[in-house]
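Me: Please give me a close look at one part of this model. Pick the helix that comes earliest in the chain, and tell me what surrounds it.
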Amino acid sequence: MINIIICDDNKEITNILKTYINKIIFNYKIEYKIYIFNEYSDNFFKLMNSKIQNKFYILDIDVNNISGID
């Protein structure tokens, strides 16, 4: 299972990313789950620190003055 975590404050971008990911991964029949966040919230950090394995992040560089790089 691949856990894909997207965080971007622009909902249009998160929707585009989700659509592309669904189209691409569907062709390979890989088990996956997409998590979408529009801010670096407590729920985001809980998921980030969870023991869920195989996490793949797509992060906005700047969301509400918090850096996705940090």
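Reply: Buried means under 20% relative accessible area, exposed over 50%, and partly exposed in between (1.4 Å probe, protein chains only). This is a predicted model: local features need pLDDT of at least 70, side-chain atom pairs count only at pLDDT 80 or more, and totals for chains, interfaces and linings use all residues. Residues are numbered from 1 along each chain as its sequence is written, and side-chain values use heavy atoms, with hydrogens and water left out.

Confidence comes next. The chain averages a pLDDT of 88 (the predictor's confidence in each residue, from 0 to 100). Of the residues, 87% score at least 70. Strand β2 has the highest confidence, at a mean of 96. Strand β5 (residues 66-67) has the lowest, at 58. Where pLDDT is low, the predicted coordinates should not be read in detail.

Now the layout. The chain has two helices and five strands (DSSP runs numbered from the N terminus; helices are H or I, at least four residues, and strands E, at least two). From the N terminus, the order is β-α-β-α-β-β-β. Of the 70 residues, 27% are buried. Contacts (heavy atoms within 4.5 Å) between residues 24 or more positions apart make up 64% of those with a separation of 6 or more.

The part to look at is α1 (11-26). At 1.5 Å a residue, its 16 residues should span 22 Å (1.5 Å times one less than the number of residues). The end C-alpha atoms of α1 are 22 Å apart, which agrees. At the start of the helix, a side-chain oxygen of N10 comes to within 2.9 Å of the backbone nitrogen of E12.

Which residues of α1 are buried? They are T14, I21 and I25. Seen down the helix axis, these fall within an arc of 30° (taken from the directions from the axis to the C-beta atoms), so they line one face of α1. An α-helix has 3.6 residues a turn, so residues three or four places apart point the same way. On the other side of α1, E12, Y20, K23 and F26 are exposed. Strands β1, β2 and β3 are among the elements that cover the buried residues of α1.

T14 shows the inner face. Its relative accessible area is 2%, so T14 is buried. Leaving out residues up to four places away in sequence, T14 touches I6, D8, I36, F37 and N38. I13, also in α1, has a relative accessible area of 37%, so I13 is partly exposed. I13 and D60 are 47 residues apart in sequence, yet 9.8 Å apart in space, C-alpha to C-alpha.

Then the cores. The largest nonpolar core (buried Ala, Val, Leu, Ile, Met, Phe, Trp, Tyr and Cys residues joined through side-chain atoms within 4.5 Å) has seven residues: I5, C7, Y35, F37, Y40, F44 and L47. Elements β1 (2-7), β2 and α2 each give two or more residues to this core. A second, separate core has five residues, including I4, I6, I25 and I34. I25 is also one of the buried residues of α1.

Past the helix comes a loop. K29 is found between α1 and β2 (32-37). K29 has a positive phi of about 50°, although it is not a glycine. The relative accessible area of K29 is 76%, so K29 is exposed. N54 has a positive phi too, of about 55°, and is not a glycine. N54 is found in the loop between α2 (42-49) and β3 (55-59).

Methods
A polar contact is a pair of N or O atoms within 3.5 Å; within protein, one must be able to donate a hydrogen and the other to accept it, and residues adjacent in sequence count only if both atoms are side-chain atoms.
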